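Reader: I'd like to go through this chain with you, piece by piece. Can you start with the broad view and then get to the side chains?

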Amino acid sequence: MRRVLQRAAATAGLLPVVLGLAAVPATAATPAAVPTAVPTAVRAVLPLVHFKHVRLPLSGTIAGTTENIAVTGTLDVRVRTLAGGNDIDVQVVSRLINTTGRGLTSGRTYRFLGTDTERTEFPPNPIRLTFEPTFLEFPPTPIIPPVPIKFLTLNVSLAGDGSIGAVAATVNGGGGGST
């Protein structure tokens, strides 16, 4: 990211300003030690970054690999957008926290772990992105290896400038959380 900014600023001849190496004349109203605002020309070159971090409660019933499972836990979601040029780069990282389930038939405990990263680009228009992250289901029997499973839908609303609106998650076949 830093190299992209430096390359863009160097192209525009603004690298000394971006790095804070340019001499800023001191005046009576602005001492030399006080940083000044970023010049308009630099703002036009720099990409715009937005970030949102939410934790969503999860609950619902899913179809596991061996039986239906009542799942509860938390989904940690981090959304970052980088708006620059003619498109907006989006990165969504979703991670399960303390997510477990109880088998509806057997009553046994299942664990769900994992982190999923999604990346996409879109033209600068308002948009709603939908992802189905993949996590791991750990059956109660330690002999059986974990199985990849997709059991929730993650929705992210973005404005045309890349600013992040609502982030919501729904357990497929059950309730979910949103913010």
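**Contacts, rings and confidence**

Author: Sure, starting with contacts (heavy atoms within 4.5 Å): of those in the chain with a separation of 6 or more, residues 24 or more positions apart account for 56%. This is a predicted model, where local features need pLDDT of at least 70, side-chain atom pairs count only at pLDDT 80 or more, and totals for chains, interfaces and linings use all residues. Residues are numbered from 1 along each chain as its sequence is written, and side-chain values use heavy atoms, with hydrogens and water left out.

Reader: What pattern does the chain follow along the sequence?

Author: Helices (H or I, at least four residues) and strands (E, at least two) are DSSP runs, numbered from the N terminus. The chain has 3 helices and 11 strands. Read along the sequence, the pattern is α-α-α-β-β-β-β-β-β-β-β-β-β-β.

Reader: What share of the residues is buried?

Author: Let's fix the words: buried means under 20% relative accessible area, exposed over 50%, and partly exposed in between (1.4 Å probe, protein chains only). Out of the 179 residues in the chain, the buried share is 32%.

Reader: Which residues form the aromatic cluster?

Author: Rings of Phe, Tyr and Trp (its six-membered ring) pair if their centres lie within 6.5 Å; planes under 30 degrees apart count as stacked, over 60 as edge-to-face and the rest as tilted. There are 2 aromatic pairs in the structure. Phe-112 and Phe-151 make a tilted one, 5.3 Å centre to centre with 55° between the planes. The cluster consists of Phe-112, Phe-135 and Phe-151.

Reader: How many residues apart are Phe-112 and Phe-151?

Author: Phe-112 is in strand β4 (residues 109-113), while Phe-151 is in the loop between β8 (147-149) and β9 (152-158). Both Phe-112 and Phe-151 are buried. The pair links distant parts of the chain, and the two residues are 39 residues apart.

Reader: Why is the pair of Phe-135 and Phe-151 called tilted?

Author: Phe-135 and Phe-151 are both buried. Their ring centres are 6.1 Å apart and their planes are at 55°, so the pair counts as tilted.

Reader: And how far apart in sequence are the parts that Phe-135 and Phe-151 tie together?

Author: Phe-135 lies in strand β7 (residues 135-138) and Phe-151 in the loop between β8 and β9. The pair therefore ties together parts whose separation in sequence is 16 residues.

Reader: Which residues does Pro-148 touch, leaving out those up to four places away in sequence?

Author: Pro-148 is in strand β8 and counts as exposed because its relative accessibility is 58%. Its C-alpha is 6.3 Å from that of Thr-134, though the two are 14 residues apart in sequence. With that sequence limit, Pro-148 touches Thr-134, Phe-135 and Leu-136.

Reader: What is the phi of Asn-98?

Author: Most residues other than glycine have a negative phi. Asn-98 sits in strand β3 (residues 87-103) and counts as exposed, because its relative accessibility is 71%. Although Asn-98 is not a glycine, its phi is positive, at about 45°.

Reader: Over which residues is pLDDT below 50, with 18 contacts beyond near neighbours in sequence?

Author: pLDDT is the predictor's confidence in each residue, from 0 to 100. The chain averages 77, and 70% of the residues score at least 70. The stretch you're asking about is residues 14-36.
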